[in-house]
Amino acid sequence: MSSPMIGGTVKTRMLVLILLVPVASASAQRSTSGVRPIATVKQLHEIMITPASDAVFRASGDTPTNEKGWLDARSQALVLAEAGNLLMLGSRARDNVGWMRMSRALVDAAATAAGAAEKKDADALAGAGDIITAACEACHRPYRDGGRQMGIGR
């Protein structure tokens with residue numbers, strides 16, 4: 001065989017691999033993920049987001065005084081962070097730009113609250129509570145409230 005033919009064959013094979021690997025990979029991720037969202041966004045708010053955020057807000061305003069209080073604040077902040085992740089799955093994601101950015105902001109703010117509670121840092125927990133409020137309001141205005149402000153801070 002002459003080297004141009006080998007080079008051409010290798011280039012063709014590489015091109016096919018470059019084009020097919022991302023498609024196969026994306027397809028494999030979809031089919032093997034096993035994620036099947038069940039609850040609606042409203043249901044997530046009712047069973048996870050509202051109770052967890054209320055608990056974090058309470059702890060940020062009325063500092064826990066014992067180990068159990070700090071553990072509860074941390075646990076509820078973790079629930080809130082994971083609920084933010086759930087908002088980004090499947091049909092719950094309203095779009096790939098604003099919705100995802102705002103959901104990630106909730107995850108980040110709640111993770112900050114969890115870290116503050118783990119360190120028993122009341123000031124950091126209060127600051128994280130403010131960031132959670134801002135993340136909630138930023139999402140509720142365009143997606144839930146049609147531009148109206150939430151009840152918090154009225």
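How many helices and how many strands are there in the protein chain? The model, which is predicted, contains five helices and zero strands. From the N terminus on, the order of elements is α-α-α-α-α. The chain has 154 residues, and buried residues make up 31% of them. Among contacts with a separation of 6 or more, 61% join residues 24 or more positions apart.

Two helix pairs are described here. Packed helices are described by the angle between their axes and the distance between the axes.

The first pair considered is α2 with α3. Helix α2 spans residues 41–61, and helix α3 spans residues 67–86. Their axes come within 8 Å and cross at roughly 140 degrees. Angles over 145 degrees count as roughly antiparallel. The α2 and α3 arrangement is therefore classed as oblique. The crossing of these two helices is left-handed. On the α2 side, the contact is formed by L44, M48, I49, P51, A52, S53, A55, V56 and A59. On the α3 side, the partners are A73, Q76, A77, V79, L80, A83 and L86. By class, the residues of this contact are 14 nonpolar, two polar and no charged.

Helix α2 is not straight throughout. A kink of about 40 degrees lies at I49, shortly before the proline P51. Both I49 and P51 belong to the α2 residues that meet α3. I49 is also buried. The other buried residues of α2 are V41, L44, M48, A52, S53, A55, V56, A59 and S60. The cover over the buried residues of α2 includes α3, α4 and α5. Of these covering helices, α4 runs over residues 98–118 and α5 over residues 122–143.

The second pair is α4 with α5. These helices pack at an angle of about 165 degrees, and their axes are 8 Å apart. That angle makes α4 roughly antiparallel to α5. Their crossing is left-handed. From α4, the contact draws on G98, W99, M102, A105, L106, A109, A110, T112, A113 and A116. From α5, the residues are A124, L125, A128, I131, I132, A135, C136, A138, C139, P142 and Y143. The contact of α4 with α5 divides into 19 nonpolar residues, two polar and no charged.

In both pairs, the crossing is left-handed, for α2 with α3 and for α4 with α5. Charged residues are absent from the contact of α2 with α3 and from that of α4 with α5.

Terms used. Residues are numbered from 1 along each chain as its sequence is written. This is a predicted model: local features need pLDDT of at least 70, side-chain atom pairs count only at pLDDT 80 or more; totals for chains, interfaces and linings use all residues. Side-chain values use heavy atoms; hydrogens and water are left out. Axes are lines fitted to C-alpha atoms, for helices over the stretch in contact, and angles run from 0 to 180 degrees between N-to-C directions. Helices (H or I, at least four residues) and strands (E, at least two) are DSSP runs, numbered from the N terminus. Angles under 35 degrees count as roughly parallel, over 145 as roughly antiparallel, 65 to 115 as roughly perpendicular and the rest as oblique. A crossing is left-handed if the near helix is turned anticlockwise from the far one by less than a right angle, and right-handed if clockwise. Contact means heavy atoms within 4.5 Å. Ala, Val, Leu, Ile, Met, Phe, Trp, Tyr, Cys and Pro count as nonpolar, Asp, Glu, Lys and Arg as charged, and the others, Gly among them, as polar. The bend at a residue is the angle between axes fitted to the seven residues ending there and the seven starting there. Buried means under 20% relative accessible area, exposed over 50%, partly exposed in between (1.4 Å probe, protein chains only).
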